[in-house]
Amino acid sequence: MYKLKCRLGIINIKYFIGILIGMAVFIAVVAIIRLDITGDKGSGLGNEYLYEIDLSVDPNLILYEESGESMKTGFASTHAIALDSQGLMYIAGDKAVRIFTESGKLLDEIVLPGVPRSLTVADDGKIYVGIINHIAVYNRQGKQLASWESLGDRALLTSIAVSGSDVFAADAGNRIVLHYDTNGNLINRIGGKDEDRNIPGFIIPSPYFDLVMRRDQLLRVVNPGLHKIEAYTFDGDLEFSWGKYSTSIEGFCGCCNPINIAVLGDDSFVTCEKGLARIKIYDPEGAFVGVVAGPEQFGVTAHVCTTPEQCQSGGFDVAVDAQDRIFVLDTIKNVVKIFTRKKAG
Amino acid sequence: MIRIGYIIIGIAVLCFSSGAASALERFPPPEFEGGYEFPSTTTPHPQQDIYEYMDTVVLLAALSLASYLVLRKRSRRAIFILMVFSLLYFGFWRKGCVCPIGATQNIVLSIFDHSYAVPVAVAFFFLLPLVFALFFGRVFCAAVCPLGAIQDLVLLRPVSVPSWLESGLRLFAYVYLAAAVLFAATGSAFLICRYDPFVAFFRLNGNLNVLIIGTCLLVISVFIGRPYCRFICPYGILLRQLSRLSKWRVTITPDECVQCRLCEDSCPYGAIRRPSVSWPETEYGRGKKRLAILLVLLPILIILCGWSGSGLRKVTSRMHPTVRLAERIYLEDTGKVEDTTDASLAFRATGKETEALYREALNIRANFGLGGWFFGGFVGLMIGLKLITVSIWRQRTDYEAGRASCLACGRCFKYCPMEHARLNKTKEALV
């Protein structure tokens, strides 16, 4: 028995070492074969890590339909759309603002010194254009009335709203809302991070930062990084906010959505999302109402942006006219689509 | 029984360390978080430059001390302590970078790409161990290389590797060196750094497959002394050749060899050469004929391997990102694949012409074709020389440490009775 144990002991340790080395060599060879030398295998993470969201829109949720043909703007690149009280369309693109009739007839063109990133038309007919880092004011005839002081190299004015004698501009570069009077005097800065006032600050991962004025005299500012619409007083107090991150249709997804908003006659909101191009309606309290259009209506492939260039561009702009028709500026095809509410039944 | 205990403890330590390394973050954190502000671009802190020079000074000091300990002091314990220090300093503290093994690629790239400048510290890291090898043998391997040290520490139950197998496996190091030079020269990749099997341990982070390879090598190292150094290390090839020419080198005995055979099995790296008699008359004629045939076949082997290496350019050139991108764009444009990759999307976003990309890729592939000749030719030459070496009978009268293969670890010292006599004399002198 003792002899047998000894023999087994000798045999075992030899086998043990041999098997261990053999296994180590085998595993190492497998690991070498599995090496992703060319980097084609990607991260190697399982499907559970895939960024998968439901890109389709339930047709039953679509409350609007496109009316008429898409209107070509003639621009190589477009950035903003605005409507005036007479129903004329103002499109900012390339280095100009073009004025169209509702039927798409080009009435006029205002040539600008730079690329316009934002645009609004005041009740008095003055056209406020955000040209990269400063605001320029024009009249309907295209005459420049004023050019306000530049906000510096970092500034990027992506939205303007006018309410009486107050002008508000969203500066995506500096992540702040600027409150001016109509003469271009800076009155206040709104929305800077301030823990004492419970203001979280704006998170703007991509160059989309919109604001609108509502009849309740509260400024609605999109905080895209937080997926919220925030309501501010003229003094810069944050009153409330709504909006939530969700991959479902009720919420906003991606890094930074919504990117643009507009207000309907009943104070409901029209929101515009990029990446997954969706135009949606929310009631005045921020509850989801329905969909104006999804990716299919724009004829674009629903996708999640994968390159910085894709993520930084492709954001549509939206405007609403007196009949609550929704004008969507497709900045990919540089056309305008008009959506009207489907008739009940 | 005690040895088995050591082995189990060693394996437990390995599993624990590799487990800790693999438990690191495998999924990137969210890209956007509230209030995050991108830090402004900073230039390297001056202290980093100081570290580089400090590393060079430490390397020089460690090599000098290793030479003293190996050749004069002849103390395995002191060599071991220095080895542990090197592992902690160059390995775990400096995270295995810069290392002379990887520095080979920097030097190669600087030769082929004139726009690439080699940092002074990297140049010193490449040259200093070679210079020391030329004078003192492989003292770098003995006590300064962290890769060697980590394997040496886990060597608990050495088993010998047959010399034919050792010779065969060592060819892999030549292939690896040639491949590393080819990919560095073409600006494709720093192969040695990318697949360094132990750097993941030093950094507690790394590719899972490389970590597995490193763990397997450490498991093998428990039984087979320093497998990476002996069969894989491309820098070791350079050190081997220079060590052959070294002015001073390790000797097993401090005096004359008494042929007691006590040291015969003391080297876990199979570096001790036994005394050999002259060739038997009957073998001499056959050996001479075999040598003549091999010498004639050598150029044929070189050309054949060179041709094969060049023929592999379609495969080898895929290591270059431009070639990979061009192939991907071609597949997408011809509809052979439907999806896109990040690289292809990024390329299309640049607006560059596809034709220009194809031209660039073809140029790179042509470079691989030329480089493949050298790569294959070198491998063929090494195979041929290896066969020739086997056919040459070397006469030895004493037990000797192999000039090229001795890692100067000093393990054999204590087996020599003459060494014990020397130590006793030293002690007596001290008393």
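# A guided look around chains A and B

Visitor: Which residues in α17(B) are met by Leu325(B), Arg328(B), Ile329(B) and Glu332(B) in α16(B)?
Guide: Those four residues in α16(B) have partners in α17(B). Please keep in mind that the model you see is predicted. The contact residues of the two helices divide into 4 nonpolar, 1 polar and 2 charged. On the α17(B) side, the partners are Ala343(B), Ser344(B) and Phe347(B).

Visitor: How are α16(B) and α17(B) oriented to each other?
Guide: Helix α16 of chain B covers residues 321–333, and helix α17 of chain B covers residues 342–350. Their axes are 10 Å apart and the packing angle is about 85 degrees. An angle from 65 to 115 degrees counts as roughly perpendicular. The two helices α16(B) and α17(B) are therefore roughly perpendicular.

Visitor: Is Met319(B) buried or exposed?
Guide: Met319(B) is placed in the loop between α15 (313–316) and α16 of chain B. Leaving aside neighbours within four places in sequence, its contacts include Ile37(A) and Thr38(A), as well as Phe183(B). A residue needs 20 or more other C-beta atoms within 10 Å to be called buried. Met319(B) has 21 such neighbours, so it counts as buried.

Visitor: How far is the C-alpha atom of Met319(B) from that of Leu191(B)?
Guide: Along the chain, Met319(B) and Leu191(B) are 128 residues apart. In space, their C-alpha atoms are separated by 9.7 Å.

Visitor: Which helix gives the largest share of the largest nonpolar core?
Guide: That core has 101 residues, and Ala66(B), Val139(B), Ala142(B) and Ala143(B) touch the most other members. The largest share amounts to 10 residues. They come from residues 163–185 of chain B, that is, from helix α8.

Visitor: Which residues of chain B does Ala143(B) contact, leaving aside its neighbours within four places in sequence?
Guide: Ala143(B) belongs to the largest nonpolar core. A second, separate core of 81 residues includes Ile160(A), Ala172(A), Val212(A) and Ala262(A). Returning to Ala143(B), its contacts are Ala62(B), Ala66(B), Leu69(B), Ile79(B), Leu82(B), Met83(B) and Ser86(B).

Visitor: Why is strand β3 of chain A described as largely enclosed by the rest of the structure?
Guide: Strand β3 of chain A runs over residues 78–83. It is described as largely enclosed because, of its 6 residues, the number buried is 5.

Visitor: Which residue in the turn of the hairpin of β3(A) and β4(A) has a positive phi?
Guide: β3(A) and β4(A) (residues 89–93) run antiparallel and are joined by 5 bridges. Leu83(A) stands opposite Met89(A) in β4(A). The hairpin has 5 residues between its strands, and the positive phi of about 90 degrees in the turn belongs to Gly87(A).

Visitor: Which are the edge strands of the open sheet β19-β20-β21-β22 (chain A)?
Guide: The 4 strands of this sheet are paired antiparallel. Inside it, β20 (residues 269–273) and β21 (residues 278–282) are joined by 5 bridges, and Glu273(A) stands opposite Arg278(A). An edge strand pairs on one side only, and here the two are β19 (260–263) and β22 (288–293).

Visitor: What is the bridge partner of Leu119(A) in β8(A)?
Guide: Another open sheet in chain A has the order β7-β8-β9-β10, with antiparallel pairing. Its edge strands are β7 (116–121) and β10 (144–147). Strand β7(A) is joined to β8 (residues 127–131) by 5 bridges. In β8(A), Leu119(A) has as its bridge partner Val129(A).

Notes: Residues are numbered from 1 along each chain as its sequence is written. Chains are lettered from A and ligands numbered from 1 in the order in which they are written. This is a predicted model: local features need pLDDT of at least 70, side-chain atom pairs count only at pLDDT 80 or more; totals for chains, interfaces and linings use all residues. A residue is buried if 20 or more other C-beta atoms lie within 10 Å of its own, exposed if 12 or fewer, and partly exposed in between; C-beta atoms are placed from the backbone. Two strands pair if DSSP finds at least two bridges between them. Axes are lines fitted to C-alpha atoms, for helices over the stretch in contact, and angles run from 0 to 180 degrees between N-to-C directions. Angles under 35 degrees count as roughly parallel, over 145 as roughly antiparallel, 65 to 115 as roughly perpendicular and the rest as oblique. Two residues are in contact if their C-beta atoms, placed from the backbone, lie within 7 Å. Ala, Val, Leu, Ile, Met, Phe, Trp, Tyr, Cys and Pro count as nonpolar, Asp, Glu, Lys and Arg as charged, and the others, Gly among them, as polar. A nonpolar core is a set of buried Ala, Val, Leu, Ile, Met, Phe, Trp, Tyr and Cys residues joined through C-beta atoms within 7 Å.
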